[in-house]
Amino acid sequence: MMVTTHLRFTLLLLPLAFVVIVSSSSQVRATNVGIESFSSPFATNLATLQSQIGYNFTNLNLLRRAMTHASFSQENNKALSVFGSHLIETSISLHLLSKDIDTSSKALTRLIAEVSNVDSSCALDGNRLGLERVIRVSPKTDASNSAIVCGGFRAIFGAVAIDSGMVDEAIKVFWKVHGDRGWILVSVL
């Protein structure tokens, strides 16, 4: 009698065990494609970052990659950073030339260099967003290094452009984050 009751109890739990196993395996698969728990500090930082830049990613993996340094993973932000750098340069050029088509190439080049400068403008913008606390780096790497913060900052705009499919959206986010500080430099030039 005891064996029969134990067998019935086991058979009743079998469907529940199946649901738990299926649920667990789908969570494992989701983790393997880069989806993290909403309670992880990195996921929380990404949510905060989206709020700060005023853009919500459809493909959050693009923002994850933008916040991943080469020291942390082969899937990193290098290409997004290069793309983002070009978007920033285009944005500065468009904005300045639309205000004054007679701006000299020398003045335009200087302004682009200043806004793109790793140690001044670029890293400062990244630090204002707190990127040194968000960017994933290897344990041996200093996430507060200006070049790392700047690379992450630039990568954000590359990620926005790819996510939205529009360069204009990335440029809009850049101006929201960078603000109007760049135009103070124009008077110095």
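# An all-helix chain and its core

Among contacts in the chain between residues at least 6 apart in sequence, 65% join residues at least 24 apart, where contact means heavy atoms within 4.5 Å. The structure is a predicted model, in which local features need pLDDT of at least 70 and side-chain atom pairs count only at pLDDT 80 or more, while totals for chains, interfaces and linings use all residues. Residues are numbered from 1 along each chain as its sequence is written, and side-chain values use heavy atoms, with hydrogens and water left out.

The chain has 9 helices and 0 strands, and its pattern along the sequence reads α-α-α-α-α-α-α-α-α. Helices (H or I, at least four residues) and strands (E, at least two) are DSSP runs, numbered from the N terminus. Of the 189 residues in the chain, 39% are buried. Buried means under 20% relative accessible area, exposed over 50%, and partly exposed in between, with a 1.4 Å probe and protein chains only. The chain exposes about 11,200 Å², and carbon and sulfur atoms supply 62% of that area. Accessible areas come from the Shrake-Rupley method with a 1.4 Å probe; for residues, only the protein chains shown count as cover.

## The nonpolar core

A nonpolar core is a set of buried Ala, Val, Leu, Ile, Met, Phe, Trp, Tyr and Cys residues joined through side-chain atoms within 4.5 Å. The largest one here holds 42 residues, and the members that touch the most others are Ile53, Met67, Leu131, Phe153, Ile156 and Phe157. At least two residues of this core come from each of helix H2 (41-53), helix H3 (60-66), helix H4 (78-99), helix H5 (105-116), helix H7 (146-164) and helix H8 (167-178). H7 gives the largest share, 10 residues.

Leaving aside neighbours within four places in sequence, Ile53 is in contact with Leu129, Ile156, Val160, Val173, Lys176 and Val177.

## Four buried residues

The table lists four buried residues with their places and relative accessible areas.

| Residue | Place | Relative accessible area |
|---|---|---|
| Leu46 | helix H2 | 0% |
| Ile88 | helix H4 | 4% |
| Ser91 | helix H4 | 1% |
| Val137 | loop between H6 and H7 | 16% |

The contacts given for these residues leave aside neighbours within four places in sequence. Leu46 is in contact with Leu63, Arg64, Met67 and Val134. Its C-alpha atom is separated by 9.7 Å from that of Ile135, a residue 89 places away along the chain.

In helix H4, Ile88 is in contact with Val115, Ser116, Phe153, Arg154, Phe157 and Phe174. Ser116 lies 28 residues from Ile88 along the chain, and 7.6 Å separates their C-alpha atoms. Ser91 counts as buried because its relative accessibility is 1%. The contacts of Ser91 are Ile171, Phe174 and Trp175.

Val137 touches His69, Ser71, Phe72, Ala143 and Ile148. The C-alpha atoms of Val137 and Phe72 are 4.6 Å apart, although the two residues are separated by 65 residues along the chain.

## Helices H5 and H6

Two packed helices are described by the angle between their axes and the distance between the axes. For H5 and helix H6 (residues 118-128), the axes come within 5 Å and cross at roughly 55°. Axes are lines fitted to C-alpha atoms, for helices over the stretch in contact, and angles run from 0 to 180 degrees between N-to-C directions. H5 and H6 are therefore oblique to each other. Angles under 35 degrees count as roughly parallel, over 145 as roughly antiparallel, 65 to 115 as roughly perpendicular and the rest as oblique.

Where they meet, H5 brings Glu114, Val115 and Ser116, and H6 brings Val118, Ser120, Ser121 and Cys122. These residues divide into 3 nonpolar, 3 polar and 1 charged. Here Ala, Val, Leu, Ile, Met, Phe, Trp, Tyr, Cys and Pro count as nonpolar, Asp, Glu, Lys and Arg as charged, and the others, Gly among them, as polar.

In H6, the buried residues are Ser120, Ser121, Cys122, Ala123, Asp125 and Gly126. Their cover includes H5, H7 and H8. Just after H6, Gly130 takes a positive phi of about 75°.
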